[in-house]
Amino acid sequence: MADTPGIVITGASGRMGQMLVKAVAASDACRLVAALEREGHGWVGQDVGTAMGVPALGVAVTDDPVAAFAKAQAVIDFTAPAATVAFAGLAAQARAVHVIGTTGLSAVDIEAIDRAAHHAVIVRAGNMSLGVNLLVQLTRKVAAALDADFDIEIVEAHHRHKVDAPSGTALMLGEAAAAGRGVDLGEVRQSGRDGVTGARRRGDIGFSAIRGGDIVGEHDVLFAADGERITLRHVATDRGVFVRGALKAALWGQDRDPGHYDMMDVLGL
Ligand SMILES: NC(=O)C1=CN([C@@H]2O[C@H](COP(=O)(O)OP(=O)(O)OC[C@H]3O[C@@H](n4cnc5c(N)ncnc54)[C@H](OP(=O)(O)O)[C@@H]3O)[C@@H](O)[C@H]2O)C=CC1
Ligand SMILES: O=C(O)C1=N[C@H](C(=O)O)C[C@H](O)C1
C-alpha cells in the first residue's frame with residue numbers, strides 16, 4: 001500500500017468530495033493522504049471518516065493545501081473555479097498530478113491552468129464519465145455528417161444546487177458539435193433564450209439548462225431538421241461514474257510528461 005500513489009481530495013465535504021474520499025480509502029490502487037477543506041470549515045481538524053458519519057479513516061481534514069500536496073502524488077479536485085486555479089499552481093509546485101473536475105471555469109482561469117500544466121500533469125474534463133466522453137465523440141461525428149439544415153440544440157438537467165450553466169458537459173458537447181461542423185463555438189453559441197428573441201439563426205448551437213431536485217446529470221444533443229430529428233442522450237444516475245473516471249485519471253497521470261490532458265487521453269478515445 002505504501003508505494004501506491006498518495007491522493008489528496010479537495011472540497012472533502014462536498015457531494016463529489018465525500019464520494020471521492022470513500023472511493024480512495026477503499027481502493028487498493030491508491031491511498032488517501034489528505035482531505036482538504038477551506039479555512040474555517042467545521043470539519044477542519046476532525047477525522048474525515050468521522051466527519052462524514054462513517055468509521056474513522058485515520059486522516060484529519062486540513063485547511064493547508066501546501067502541506068497536503070507535499071505528501072501527495074495526485075490531487076483530485078471538484079470544488080469551485082477560484083479554488084481550482086489556486087490549487088493548480090500549488091499542485092504544479094508539488095509536481096502532483098492535478099485532476100480537475102470543477103466546471104464554470106472562465107477563459108482566464110483556463111489560461112492559468114495551462115500555465116501550471118507546463119510544470120506538471122493536469123487532467124481536466126467537464127465530465128469524467130466514460131459514457132459522456134463517448135457521447136462527445138458521437139456528437140462530433142453526427143455533426144460532421146449533417147449540414148446546417150439540422151439545428152443543433154443541447155439540453156441539460158441538473159440538481160437544484162448546481163451553480164453554473166450551461167454545464168461543463170454541455171459545453172464539451174457544444175465544442176464537439178462545432179468542431180464537427182468546422183465552426184468556432186463562440187461564433188454560434190446561443191444560450192438561454194427569453195422574450196422576443198427573433199427566429200433561430202441558421203447554424204447556431206443552442207443551450208438550455210433545467211435545474212431541479214436531485215438530478216445527477218442529463219444531457220441531450222438534438223439535431224432537428226424539417227421532417228426528422230435525432231437525439232443523442234446520456235443520463236447519469238449515480239455520481240460514481242464521475243468518481244471512477246477521476247480515480248482512473250489520477251493513476252493514468254503518474255509518470256506522464258507535464259501537460260494539460262483530458263479524459264479522451266485517459267480513456268484512449
Ligand atoms: N467533471 C465531472 O465529471 C464533474 C464535475 N462536477 C463539478 O465539480 C464541482 C463540485 O461539485 P459538487 O461536489 O456537486 O459541489 P459541492 O458544492 O457539493 O462541493 C464543492 C466543495 O468544494 C469546497 N470548496 C469550495 N471552495 C473551496 C476552497 N477554496 N478550498 C477548499 N474547498 C473549497 C466546498 O466547500 P464549501 O461548502 O465550504 O464552499 C465544497 O465542499 C462543480 O464545479 C461541479 O460542476 C461535479 C460532478 C462531476
Ligand atoms: O454539478 C454537477 O453535479 C455536475 N457537473 C458536471 C457538469 O457541469 O457537466 C458534470 C455532471 O453533469 C455533474
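This section describes the surroundings of two ligands and the packing of one pair of helices in a predicted model.

The shell around ligand 1 comprises 25 residues, of which G11, G14, M16, A83 and G101 are the closest. Helix 1, spanning residues 15-26, is the largest contributor to this shell, supplying 3 residues. In terms of residue class, the surroundings of ligand 1 consist of 14 polar, 8 nonpolar and 3 charged residues.

Ligand 2 is surrounded by T103, G126, N127, H158, K162, S167, G168, T169 and G217. Nonpolar residues are absent from this shell, which has 8 polar residues and 1 charged residue.

Helix 6 (residues 130-145) and helix 7 (residues 168-181) have axes that approach within 7 Å of each other and cross at roughly 30°. Because angles under 35 degrees count as roughly parallel, helix 6 is classed as roughly parallel to helix 7. The two helices, helix 6 and helix 7, form a right-handed crossing. On the side of helix 6, the contact involves V132, L135, V136, T139, R140, K141, A143 and A144. These residues meet T169, M172, L173, A176, A177, A179, G180 and R181 of helix 7. By class, the contact between helix 6 and helix 7 contains 10 nonpolar residues, together with 3 polar and 3 charged residues.

T169 appears in both descriptions: this residue is listed around ligand 2, and T169 of helix 7 is also among the residues that meet helix 6.

Technical notes
Residues numbered from 1 in each chain as written. Chains lettered and ligands numbered in written order. Predicted model: local features only at pLDDT ≥ 70, side-chain atom pairs only at ≥ 80, totals over all residues. Near = placed C-beta within 6 Å. Helix = DSSP H or I, 4+ residues; strand = E, 2+ residues; numbered from the N terminus. Nonpolar A, V, L, I, M, F, W, Y, C, P; charged D, E, K, R; others polar. Axes fitted to C-alpha atoms, helices over the stretch in contact; angles between N-to-C directions. Parallel < 35°, antiparallel > 145°, perpendicular 65-115°, else oblique. Left-handed = near helix turned anticlockwise from the far one by under 90°. Contact = placed C-beta atoms within 7 Å.
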